[in-house]
Amino acid sequence: MNAGDRVRVDRADQRYEGVLLPSSTDDHLVVKLDGGYNVGIDRDAASVDVLESDVYDVESAQDEEASSEIEFDDDLPTVSLISTGGTIASTVDYRTGAVTAQFDAEDVLRAVPDLAGMANYRGRVVANILSENMTPDVWQDLASAIRDEIEAGADGVVVMHGTDTMQFTASAMAFMLDTPVPIVFTGSQRSADRPSSDNVMNAVSAVEAAKSDCAEVLVCMHETEADDRCALHRGTRVRKNHTSRRDAFETVGAKPLGVVDYDTDGESAVSFRREYESRGEAELALHDDLATDVELVKFTPGMDPGLLEAAAEGSDGLVIEGTGLGHVNTDWISVIEDLDIPVVMTSQCLEGRVCDRVYDTGRDLLDAGVVEGEDMLPGTAKVKLMWALANSDDAADTMATPLAGEIQQRSTPWL
C-alpha cells in the first residue's frame, strides 16, 4: 500500500475507511476519513485492506501547490493579510497528515481559494503562536506591521488570529493605531481539516469588510451557526462567549456594528447598522507605548484581600472585575485606599455599567480613589489602562474618556 491509496483499516472493534496519507513515523498509519478528519492508527495493531490504488496523487498535489502564483490586478484593492497564528489558514501537511499553519499570501489562497479575485494580496507573518501565548510585545510588533502595511499602500488589513484572545489584541490595536482604512480580525473556531470549518466564510467576509468604508478595528466571525452571515464587531466591544460554537463572538451591550451577508457566488455584501469612522477620515498614526505591568483581578465572595495586595505589588495599575454596579467586600476598601496606583472598577455583569454612587460600598470605593470603568469590558479596560498609563498625563481622566468605542454613551436595552 502507498500514500494516496483508499484503504480500510480494522483495529480492535473499530473500522476506518479513507485515503492513506504519508506518516512521519513507520509505526503509525494516517488515514483521511470521508468526513474530512484525520486519524492516526498504531500500525502493528491494525489490519489493512487496499480498496483502490492511487485514488489521490499526493506528490503531484504537493507539486501543484508549490507552484501557485498570485496575479495582481490594477483594478482591485490591495488587502494585507497578517498572520499571528491560529488555524484559519491551516492546511493538511501530506508528509505528516497533521494540520499546519505555514503562512504566506499563497498559503492563504491555497487554503481559501474563494479569496481569489476579490483583491490583490500581500502576506506577512508577525507571529506563529497559539493565542493564549499572546503578549503585549507581540501587540506592539503587530501594530507596527499594520502601520507599515498601510503606509505601503494597503487599502485594508486582515489580521488572522487565534480566537481565544482575539478580543484583547483587537482592543490593543484600536488604542494603538489611528487608521484611515479597515483593520479586520478574523479566525477560525474549527480547523480547515474539519467538515464544519468556518475558515472560508470568515476569511471571505473579513476581506469584504477590509474593502468597506468602515475605518475601524473590527472582529469578523460567524453571526449564526449557519453559513449565511458574519457579524462585524467593534474591536473594543466584542467578547468570545462560547468555547466552540462558530457564532461564539458577540458584541456586548449592542448589536454588532455591521454584517457581511455571505454569498458563495462571490456577491457577499457588507452593511452597517450604526455610525462608524469612515475610510480616509483619520491620519495614520502609531501610539504603541504600553505599561505592561497591569493586572486584572476578579473579585469573588470570601476572597482574601491579600490577593489584591499581591496583584498590586510591582504593578503600574489595576483593574478590578467587581460585582453588580462595581462592588467588592468592604474589607478591600482600605487596601485599595493604600495602593499608590490607578485602580479601575469594572463589572462581572455582561450588560450595564458601573455606578458606584448608589450604595455605601460604592461611595466608599470612590472616596478610596477608584476610577469607574463605565460599561467597558474588563479585558478592554485592562488593555486601555496599559495604553493610558504610557500615553497620557492623566490615566484616570483618559480611562473615563471614550476613545475607540469602548465606552457607550448610554446602557439601554437593545434587543
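# Burial, charge pairs and backbone in a predicted model

E321 is buried, with a relative accessible area of 13%, where buried stands for under 20% relative accessible area, exposed for over 50% and partly exposed for the range in between, using a 1.4 Å probe and protein chains only. The structure is a predicted model, in which local features need pLDDT of at least 70 and side-chain atom pairs count only at pLDDT 80 or more, while totals for chains, interfaces and linings use all residues. Residues are numbered from 1 along each chain as its sequence is written, and side-chain values rest on heavy atoms, with hydrogens and water left out.

## The chain as a whole

The protein chain has ten helices and 23 strands, these being DSSP runs numbered from the N terminus, with helices (H or I) of at least four residues and strands (E) of at least two. Of its 415 residues, 49% count as buried. The accessible surface of the protein chain comes to about 18,800 Å², and 43% of that surface belongs to carbon and sulfur atoms; such areas come from the Shrake-Rupley method with a 1.4 Å probe, and for residues only the protein chains shown count as cover. When contacts (heavy atoms within 4.5 Å) are taken between residues at least 6 apart in sequence, 67% of them join residues at least 24 apart.

## Salt bridges

Side chains of opposite charge can pair when their charged atoms come close. A salt bridge is counted where a side-chain nitrogen of Lys or Arg lies within 4 Å of a carboxyl oxygen of Asp or Glu, and by this rule the protein has 20 salt bridges.

E321, the residue named at the start, meets K298 in one of these salt bridges, with an N to O distance of 2.9 Å. This pair links distant parts of the chain, since K298 belongs to strand 20 (residues 294–298) and E321 to strand 21 (residues 317–322), with their positions 23 residues apart in the count. Another salt bridge joins E216 to R234, whose closest N and O atoms are 2.8 Å apart. Here too distant parts of the chain are linked: E216 sits in the loop between helix 5 (199–210) and strand 13 (217–222), whereas R234 is in strand 14 (residues 229–234), and the two are 18 residues apart. E208 pairs with K211, and in this salt bridge the closest N and O atoms are 3.7 Å apart. The accessibility of residues from these pairs is set out below.

| Residue | Relative accessible area | Class |
|---|---|---|
| K298 | 43% | partly exposed |
| E216 | 9% | buried |
| R234 | 14% | buried |
| E208 | 12% | buried |
| K211 | 30% | partly exposed |

Charge pairing also extends beyond isolated pairs, in that R122, R124, R147, D148 and E149 are linked in a network of salt bridges.

## The surroundings of V217

V217 is found in strand 13 and counts as buried because its relative accessible area is 7%. Leaving aside residues up to four places away in sequence, V217 touches A170, M173, A174, I183, F185, H233, R234 and G235; the list thus includes R234, the salt-bridge partner of E216. V217 and F175 are 42 residues apart in sequence, and their C-alpha atoms are 9.4 Å apart in space.

## A negative surface patch

D304, E309, E337, D338, D360, D364 and D367 form a negative surface patch. The elements that give two or more residues to this patch are helix 7 (331–338) and helix 8 (360–367), and helix 8 gives the most, with three residues. Patches are made of residues with over 30% relative accessible area and no salt bridge, like charges being joined within 9 Å and nonpolar side chains (Val, Leu, Ile, Met, Phe, Trp, Tyr) within 5 Å. Asp and Glu count as negative and Lys and Arg as positive, while His and the chain ends are not counted; the place of a charge is taken as NZ of Lys, CZ of Arg, CG of Asp or CD of Glu. Among the patch residues, D364 is in helix 8 and counts as partly exposed because its relative accessibility is 38%.

## Positive phi angles

Most residues other than glycine have a negative phi. A12, however, has a phi near 55°, a positive value in a residue other than glycine. A12 is placed in the loop between strand 1 (6–11) and strand 2 (14–21), and at 75% relative accessibility A12 counts as exposed. E374, which is not a glycine either, has a positive phi of about 50°. E374 lies in the loop between strand 23 (371–372) and helix 9 (378–391), and its relative accessibility of 23% makes E374 partly exposed.
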